[in-house]
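Got your viewer open? Let's take a short walk through this one, picking a selection at each stop.

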Amino acid sequence: MIVFGIAGWSGCGKTTLIEKLIPRFTARGISVSVIKHAHHGFDLDRPGKDSFRHREAGASQVLMLSNDRWVLMHELRGVPEPTLEEQLRLLSPCDVVLIEGYKAAAVPKIEVHRPAHGKPPLWVDNPHVVAVATNAGIDCPLPTLALDDADAIAEFILAHSHLRP
């Protein structure tokens with residue numbers, strides 16, 4: 001299983017890039033999963049729904065399923081969030097796991113960098129950034145990829161990870 005990160009500052013286009021990469025991998029028969037780390041709280045549930053009421057009543061986990069999908073919601077209730085390694089063990093087997101966020105994780109990653117955002121590049125201080133996807137010319141010792149060329153970025157990930165379907 002390849003674990004590869006897509007990192008960058010908020011609003012730089014990480015989710016959009018991942019959204020473009022997934023079909024490029026799946027078209028080649030490569031199964032993909034995604035782990036997205038959120039620095040803020042989130043909720044997939046809605047007040048008043050049965051599953052919400054179960055969690056509010058104190059359930060540690062609620063598993064919802066239908067003919068189309070299933071989701072397992074786990075309430076941390078003050079316990080530290082699972083490590084990236086623990087999260088990877090929760091996933092079903094797949095060929096590629098794309099990680100959104102986790103800037104400091106010790107996995108190879110492409111930085112999505114937009115100089116116009118005024119944020120400093122991550123690659124300067126992050127040894128796990130192996131390439132930069134950008135929408136502008138930058139002075140960088142790492143391979144740079146056009147942010148709008150998802151085919152080239154997917155190829156880079158496969159080549160870097162030594163996966164050829």
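Which residue is the bridge partner of I110 in β7? Select I110 and look across to A131: that's the partner. Keep in mind as you click around that this is a predicted model.

**Stop 1: strand β7.** Now select residues 129-134, which make up β7. Colour them by relative accessible area and you'll find six of the six residues buried, meaning under 20%. That is why the strand counts as largely enclosed by the rest of the structure.

**Stop 2: the neighbours of β7.** Add residues 109-113, strand β6. β6 and β7 run parallel, joined by five bridges. Next, bring in residues 144-146, strand β8. β8 pairs with β7 over three bridges, again in the parallel sense. For a landmark on this pairing, pick T134 and find A146, its bridge partner in β8.

**Stop 3: the cavity.** Switch on your cavity display; the structure holds one cavity of 30 Å³ or more. The volume of the largest cavity is about 40 Å³. To show its lining, select W9, C12, V112, H113, R114, H117 and K119. By class, that lining splits into three nonpolar, two polar and two charged residues.

**Stop 4: W9 and K119.** Stay with two of those lining residues, W9 and K119. What sits over the ring of W9? It's the charged end of K119, 5.4 Å from the ring centre. If you then go hunting for aromatic pairs, a search of the whole structure finds zero.

Technical notes
Residues numbered from 1 in each chain as written. Predicted model: local features only at pLDDT ≥ 70, side-chain atom pairs only at ≥ 80, totals over all residues. Heavy atoms only, no water. Buried < 20%, exposed > 50% of the residue type's maximum accessible area, 1.4 Å probe, protein only. Helix = DSSP H or I, 4+ residues; strand = E, 2+ residues; numbered from the N terminus. Pairing = 2+ DSSP bridges. 1 Å grid on protein atoms, 1.4 Å probe; cavity = no way out; pocket = protein on both sides within 12 Å on 5 of 7 lines; lining within 4 Å. Points joined across faces, edges and corners; volume = space filled by probe spheres on them. Nonpolar A, V, L, I, M, F, W, Y, C, P; charged D, E, K, R; others polar. Phe/Tyr/Trp six-rings, centres within 6.5 Å; stacked < 30°, edge-to-face > 60°. Lys NZ or Arg CZ within 6 Å of the ring centre and 35° of its normal.
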